[in-house]
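Me: I am new to this structure and would like to go through it slowly, one question at a time. Could you show it to me before we begin?

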Amino acid sequence: MAKKIWILTGILIAAIIALLAVGSMRMPQVEDSAAAPTVAGIKVGGAFTLVDHNGRTVTEKDYADKFKLMFFGFTYCPSVCPTELQKIADALADLGPLADRLVPLFISVDPERDTPAIMKEYVGKFDSRIIGLTGSRAQIDAMLRTYKIYASKQPIEGTDDYTMDHSSFLYLMNKENELVQLYRPQQKAGEIATQLKKHLAP
Ligand code: NI
């Protein structure tokens with residue numbers, strides 16, 4: 001009997017550790033406080049080389065004069081990405097002229113399907129100020145590692161098709177390309193705009 005309890009306890013502990021491991025992998029531990037955002041031991045962000053939706057090779061230096069609002073996803077995404085992109089569009093509208101200090105970047109986690117032309121057409125449906133970024137598989141993989149983004153190809157059963165399971169939070173990066181704040185999918189456009197205004201105010 002006692003042995004059985006120990007085995008069950010062991011299984012439970014293993015399950016908790018596994019859950020924690022998955023949780024930390026998918027969600028960097030970033031404090032949401034607008035006053036003192038800190039990234040607990042995790043460095044998010046850095047240099048990148050990608051291809052913008054006009055087919056031009058770009059790096060972080062191309063956006064060095066602005067704050068960056070980054071979202072990672074893919075154009076075939078059935079629900080989360082369109083919702084988040086609409087939220088970005090709504091937040092931009094709410095920002096008014098302050099939006100000029102910000103560049104919204106939508107970065108593909110599915111570069112095999114998301115060509116620059118497809119990205120351009122897609123982001124244009126939400127707001128013409130959003131820039132779609134894609135690239136080679138190697139460029140995107142490096143980007144995902146640098147920005148601690150989880151993305152995984154999931155086959156759709158009974159088809160040759162696939163979908164992408166991916167992290168779905170927004171990063172606000174400053175001009176130096178350091179993480180300023182992270183927004184979670186639960187946050188509404190108005191709330192995000194209010195917090196963005198604090199950071200973007202001259
Ligand atoms: Ni998505």
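Reply: A residue is called buried when its relative accessible area is under 20%, and exposed when that area is over 50%. Please keep in mind that this is a predicted model.

Me: Which residues of helix α4 (residues 137–146) are buried, and why do they lie on the same side of α4?

Reply: The buried residues of α4 cover an arc of only 95° around the axis, which puts them on the same side of the helix. The face turned away from this buried side carries exposed residues, Ala138 and Arg145. The buried residues asked for are Ile140, Met143 and Leu144.

Me: Which strands do the buried residues of α4 pack against?

Reply: One view of this packing comes from Ile107, which, leaving aside its neighbours within four places in sequence, is in contact with residues including Ile140 and Met143. Taken together, the buried residues of α4 pack against β1 (49–52), β3 (67–73), β4 (102–108), β5 (131–134) and β6 (151–155).

Me: Which element gives the largest share of the largest nonpolar core?

Reply: This core has 53 residues, and among those that touch the most other members are Met70, Phe72, Phe106 and Ile107. The largest share of the core, seven residues, comes from α2.

Me: Which residues coordinate the nickel ion?

Reply: Along the chain, the donors of the nickel ion follow the spacing C-x3-C-x84-H. Cys81 in helix α2 (residues 80–95) and His166 in strand β7 (residues 162–166) are 85 residues apart, a pair that links distant parts of the chain, and both are buried. At 2.1 to 2.2 Å, the nickel ion is coordinated by Cys77 (SG), Cys81 (SG) and His166 (NE2).

Definitions and conventions
Residues are numbered from 1 along each chain as its sequence is written. This is a predicted model: local features need pLDDT of at least 70, side-chain atom pairs count only at pLDDT 80 or more; totals for chains, interfaces and linings use all residues. Side-chain values use heavy atoms; hydrogens and water are left out. Donors are N, O and S atoms within 2.8 Å of the metal (3.2 Å for Na, K and Ca); water is not among the atoms, so sites may look incomplete. Helices (H or I, at least four residues) and strands (E, at least two) are DSSP runs, numbered from the N terminus. Buried means under 20% relative accessible area, exposed over 50%, partly exposed in between (1.4 Å probe, protein chains only). A nonpolar core is a set of buried Ala, Val, Leu, Ile, Met, Phe, Trp, Tyr and Cys residues joined through side-chain atoms within 4.5 Å. Contact means heavy atoms within 4.5 Å. The arc is that of the directions from the helix axis to the C-beta atoms.
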